[in-house]
Amino acid sequence: MYYFMTIVGLLLITALILRHLHQNRRQDSPLKRRGILNISEQITLMRLQAVLPRHTILAHVSFDALLTTKYMHTRRKYQGLVADFVVLDQQHQVLAIIEIADESYVNRLHQKHYQDSLLELAGYKVLRYSSIPTEQELREDLVLDVFESKIPVTAISKAERVMKYNVLAAKSS
């Protein structure tokens, strides 16, 4: 009788182990195409191209392409973050970074402020819009900057940037 119960117990344990192993084996789902830009991003891109026809507009640019640091623990703070649009001038220098609020914007307000602060500390101009910007808004915010960018602007000193970053890093921790 004990042999029978031992054999049944071992079979039950073996079945449970095999079932667990089978569940852990993940199957890939079929790959499907998806749209690169949602409708509000498409409209914004067309308006940016209309307002700045001689400039290059990039969409969904990784912060890794915009920022660099020598420490990996600092890099991890912005890995995976993406800017909606980056406007490049004719010399392929970043003129501005455009961010559009999405549906979950209210839930991620603190994160968006953090992202803007990181970019601004690196010396980028960040324009955040709560909805799709009109061509007039884009002209007011960007076209004047094209002419102003030819005049040298006093940059934030390295010490000031480090100090601001340390305050920001302390708040985000």
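Colleague: Why is His60 called partly exposed in this predicted model?

Modeller: Its relative accessibility is 34%. Buried would need a value under 20% and exposed one over 50%, so with 34% His60 lands in between and counts as partly exposed.

Colleague: What makes the phi of His60 worth a look?

Modeller: His60 has a phi near 55°, which is positive although the residue is not glycine. Most residues other than glycine have a negative phi. And His60 sits in strand β1.

Colleague: How do you know that His92 is exposed?

Modeller: Same routine. The cut-off for exposed is over 50%, and His92 comes out at 55%, so exposed it is. His92 belongs to the loop between β2 and β3, and its phi is positive too, near 60°.

Colleague: What makes β1 and β4 edge strands?

Modeller: Start with the order: four strands, β1-β2-β3-β4, make an open sheet with mixed pairing. β1 (56-62) and β4 (126-129) each have a single partner strand, so one side of each has no neighbour in the sheet. From one strand to the next, the twist averages 25°.

Colleague: How do you know that β1 and β2 count as paired?

Modeller: Pairing takes at least two bridges. β1 and β2 (residues 82-88) have 6, in the antiparallel sense, so they pass. As an example, Ser62 has Val82 in β2 as its bridge partner.

Colleague: Which strands does helix α2 lie across?

Modeller: Helix α2 (residues 39-51) lies across β1, β2 and β3 (94-100). Relative to β2, helix α2 runs at about 15°.

Colleague: Why is Ala96 called buried?

Modeller: Buried means under 20%, and Ala96 has a relative accessible area of 0%, so the label follows. Ala96 is part of strand β3. Leaving out residues up to four places away in sequence, Ala96 touches Phe85, Val86, Val87, Lys125, Leu127 and Leu142.

Colleague: How far apart are Ala96 and Leu127, in sequence and in space?

Modeller: They are 31 residues apart in sequence, and the C-alpha to C-alpha distance is 7.1 Å.

Colleague: And what makes Gln115 buried or exposed?

Modeller: Gln115 is at 3% relative accessibility, and the buried label needs under 20%, so Gln115 counts as buried. Gln115 is in helix α5 (residues 109-121). Again skipping residues up to four places away in sequence, Gln115 touches Phe63 and Leu81.

Terms used
Residues are numbered from 1 along each chain as its sequence is written. This is a predicted model: local features need pLDDT of at least 70, side-chain atom pairs count only at pLDDT 80 or more; totals for chains, interfaces and linings use all residues. Side-chain values use heavy atoms; hydrogens and water are left out. Helices (H or I, at least four residues) and strands (E, at least two) are DSSP runs, numbered from the N terminus. Axes are lines fitted to C-alpha atoms, for helices over the stretch in contact, and angles run from 0 to 180 degrees between N-to-C directions. Contact means heavy atoms within 4.5 Å. Buried means under 20% relative accessible area, exposed over 50%, partly exposed in between (1.4 Å probe, protein chains only).
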